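Hi,

Here is the structure I said I would pass on to you. Have a look at it first, and then read my notes below.

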Amino acid sequence: MTNFRPLHDRVVVRRLNGEEKTAGGIIIPETAKEKPQEGEVVAVGPGARNEQGQVVALDVKAGDKVLFGKWSGTEVKVNGEELLIMKESDIMGIVG
């Protein structure tokens, strides 16, 4: 992903694959699956500016596994890969 660098407090996230079977072993068809709300941070912007004009670095970094809201982010395709671009505030937390 060398061709894209997020700006300000934006974060690029790759969705992690959701479960394809239920706990009872029923296979979920692709059309019925909910999009996962867990992903891996691919790239982060430098941070947002505070009221004094200083850049405040983000709390997440590339490689972090994160949880985000169901409708968070904008889906984009970069180099053929489907990714999400969202503000850091859309991320609920880091997993692990």
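Let's start with His 8, which is partly exposed, with a relative accessible area of 48%. (For that term, buried means under 20% relative accessible area, exposed means over 50%, and partly exposed is in between, using a 1.4 Å probe and protein chains only.) His 8 sits in the segment before strand 1, and its phi is positive, about 55°, although it is not a glycine. When I say strand, I mean a DSSP run of E with at least two residues, while a helix is a run of H or I with at least four, and both are numbered from the N terminus.

Before going on, some ground rules: this is a predicted model, where local features need pLDDT of at least 70 and side-chain atom pairs count only at pLDDT 80 or more, while totals for chains, interfaces and linings use all residues. Residues are numbered from 1 along each chain as its sequence is written, and side-chain values use heavy atoms, with hydrogens and water left out.

Asn 79 also has a positive phi, near 55°, and is a residue other than glycine. You'll find Asn 79 in the loop between strand 6 and strand 7 (81-87), and at 54% relative accessibility it counts as exposed.

Back in the segment before strand 1 (10-15), there is Arg 5. Arg 5 is exposed, with a relative accessible area of 63%. Its C-alpha atom is separated by 7.5 Å from that of Val 44, although the two are 39 residues apart along the chain.

Now the sheet. It is open and has six strands in the order 6-7-1-2-5-8, with antiparallel pairing. (Two strands pair if DSSP finds at least two bridges between them.) Strand 6 (74-78) and strand 8 (91-95) stand at the edges with a single partner strand each, so one side of each has no neighbour in the sheet. On average, neighbouring strands here are turned by 45° against each other, direction ignored. (The axes are lines fitted to C-alpha atoms, for helices over the stretch in contact, and angles run from 0 to 180 degrees between N-to-C directions.) For one pair in detail, look at strand 2 (residues 38-44) and strand 5 (residues 65-68): they run antiparallel and are joined by three bridges. Gly 39 has Val 66 in strand 5 as its bridge partner.

How many salt bridges does a search of the whole structure find? It finds five, where a salt bridge is a side-chain nitrogen of Lys or Arg within 4 Å of a carboxyl oxygen of Asp or Glu. Here are some of them:

- Asp 9 and Lys 87 meet at 3.4 Å, N to O. They link distant parts of the chain, 78 residues apart: Asp 9 is in the segment before strand 1 and Lys 87 is in strand 7. Asp 9 is buried at 17%, whereas Lys 87 is partly exposed at 35%.
- Glu 40 and Arg 14 meet at 3.7 Å, N to O. Glu 40 belongs to strand 2 and Arg 14 to strand 1, 26 residues apart. Glu 40 is partly exposed at 26%, and Arg 14 is partly exposed at 28%.
- Glu 75 and Arg 15 meet at 3.5 Å, N to O. Glu 75 is in strand 6 and Arg 15 in strand 1, with their positions 60 residues apart along the chain.

Finally, Arg 14 and Glu 40 turn up again in a network of salt bridges together with Glu 81.

Cheers
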